[in-house]
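Got the structure open in your viewer? Let's walk through it together, one selection at a time.

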Amino acid sequence: MKILHCCLANYFIDNYGYQENVLTHVHKQQGHEVFIVASTETLDKNKGNTYLPASSYITKEGIHITRLPYKNTFCNKITHKLRLYKGLPKILREFQPDIIFMHDGQTAAVFPIVKYIKQHPTTKLYIDSHTDEVNSARSWTSKNILHRIIYRFYVRHTINYTEKYYGTLPARNDFYIKYYGVPKEKTQFLPMGIDDINVPFHKRDFFKKEIRDSLNIKPEDFVIITGGKIDALKNTDILIEAIKRISNPNIKLILFGAIKNDVKDKIEKLIREDDRIRYIGWLPAQETYKYFFASDLACFIGTHSTLWEESVGYGIPGIFKRWKGITHIDRGGNCILVDEVNIDNISSILENILTKKNLYQKMKEKALSDEVMQFFFYSKIASNAIEENSENIKK
């Protein structure tokens, strides 16, 4: 099938491991013809949000991508918020997709897409959601102008033409229902996960030894891992303080990612004060699995990131902060969800895991089970995302 992935409601970041990167790659590996159309917005690890020139090129996975220019208006900032683009109708006419998969629907691109579907009714539209009340709709203007008026207008235009709205978290289905009036029966949870096709699980022990040796970590050490975008909302300082209260010299913490300015001085001071911490800086997406394989426990006690699903997909037991609509990470004993995130509580939970061997062993056995890990395999997620359409086309 010909699948057009539209990344026009946010950004597409080359060479990252986000859902839109992996899902497109897996669809290609499954034999589909894939085309990505994206905005010029991207993310630079040093500069933050930035913009590239409009262009067409081939990704390292061999997928054609076209970055569309914004329409010229009196104000670029408004154009970017309204997500107005030039050139999409031409791509639709030339590529003639069987499936259009939109990564979020808050873009004026819905109008040419719906027009195309009206003219080509066998083409199926799917829209996933990466938007929730933690990462969006936080200011009065965003909540009441952008989401409740403008973006609601965009998304509601698609309701009669969309097969499914896929929330990448349960909370994101709730967001589309609450803010845009999407019918609940049209929503479905489609988890984020890991690119299992390209991960050498059979080399788990090899990478465990390689990474531990490189970081001067002993085989008998108990390794906790955390990382990502390290800001105040991730509660990384609380985790480090909790570990500092535990005197066991065999605890090690692998910390990776970029430390944001709001916590930089504090985190760097805490790292200097405890030689059990291994801060390794920013990691390429394709390298993270090696460090998860080297670890015994993932700990993410702040706001959600895709690293939560990655850690579970790699078979690592975990500690996560409990958020409404983000409890899918608990697959029945593989992790602990924490209600109260403070130094005392996190330290107590870690002590229990370290001293009660049966507790950790049960978590580990569950975490490594096929039913838990494969729930977050993109080989399965990618098929599930278009399975209904595949059956329709075969008919």
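**Stop one: a lysine in a helix**

Start by selecting Lys-208, which sits in helix H7 (helices, H or I with at least four residues, and strands, E with at least two, are DSSP runs numbered from the N terminus). Lys-208 is partly exposed, at a relative accessible area of 26% (buried means under 20%, exposed over 50%, partly exposed in between, with a 1.4 Å probe and protein chains only). Now add Tyr-360: the two C-alpha atoms are 18 Å apart, with these positions 152 residues apart along the chain.

Before moving on, a word on what you're looking at. This is a predicted model, where local features need pLDDT of at least 70, side-chain atom pairs count only at pLDDT 80 or more, and totals for chains, interfaces and linings use all residues. Residues are numbered from 1 along each chain as its sequence is written, and side-chain values use heavy atoms, with hydrogens and water left out.

**Stop two: a pocket**

Next, select Glu-220, Phe-222, Ile-353, Leu-354 and Lys-357. The second largest pocket has a volume of about 250 Å³, and of its 19 lining residues those five are the closest to its centre. Helices H7 (204–214), H12 (343–355) and H13 (357–367) each give two or more residues to this lining. (On a 1 Å grid over the protein atoms alone, a pocket is an open set of points with protein on both sides within 12 Å along at least five of seven lines, while a cavity is a set where a 1.4 Å probe fits but cannot get out; lining residues have an atom within 4 Å of a point. Points are joined across faces, edges and corners, and a volume is the space filled by probe spheres set on them.)

**Stop three: cavities**

How many cavities of 30 Å³ or more does a search of the whole structure find? There are two. The largest has a volume of about 80 Å³; to find it, select its lining residues, among them Thr-226, Lys-229, Asn-235 and Phe-300. Strand E11 (222–230), helix H8 (236–244) and strand E14 (297–300) each give two or more residues to that lining, and E11 has the largest share, with five.

For the second largest cavity, about 40 Å³, pick out Gly-17, Tyr-18, Met-192 and Tyr-378, which are among the residues lining it. Helices H1 (19–29) and H11 (306–313) each supply two or more.

**Stop four: salt bridges**

Now show side chains. The model has 16 salt bridges (a side-chain nitrogen of Lys or Arg within 4 Å of a carboxyl oxygen of Asp or Glu). Try Lys-252 and Asp-221, which meet at 3.2 Å, N to O. Lys-252 is in strand E12 (residues 251–259) and Asp-221 in the loop between H7 and E11, so this pair ties together parts 31 residues apart in sequence. Are they buried or exposed? Lys-252 is buried, at 8% relative accessible area, and Asp-221 is buried too, at 3%.

Jump to Arg-245 and Asp-344, whose closest N and O atoms are 2.1 Å apart in another salt bridge. This one links the loop between H8 and E12 to helix H12, across 99 residues.

Last, select Lys-269 and Glu-273, a salt bridge with its closest N and O atoms 2.4 Å apart. They are four residues apart in helix H9 (residues 264–273), so about one helical turn separates them. Lys-269 is partly exposed at 45%, as is Glu-273 at 42%. Add Lys-244 to see one network, joined by salt bridges that share partners.
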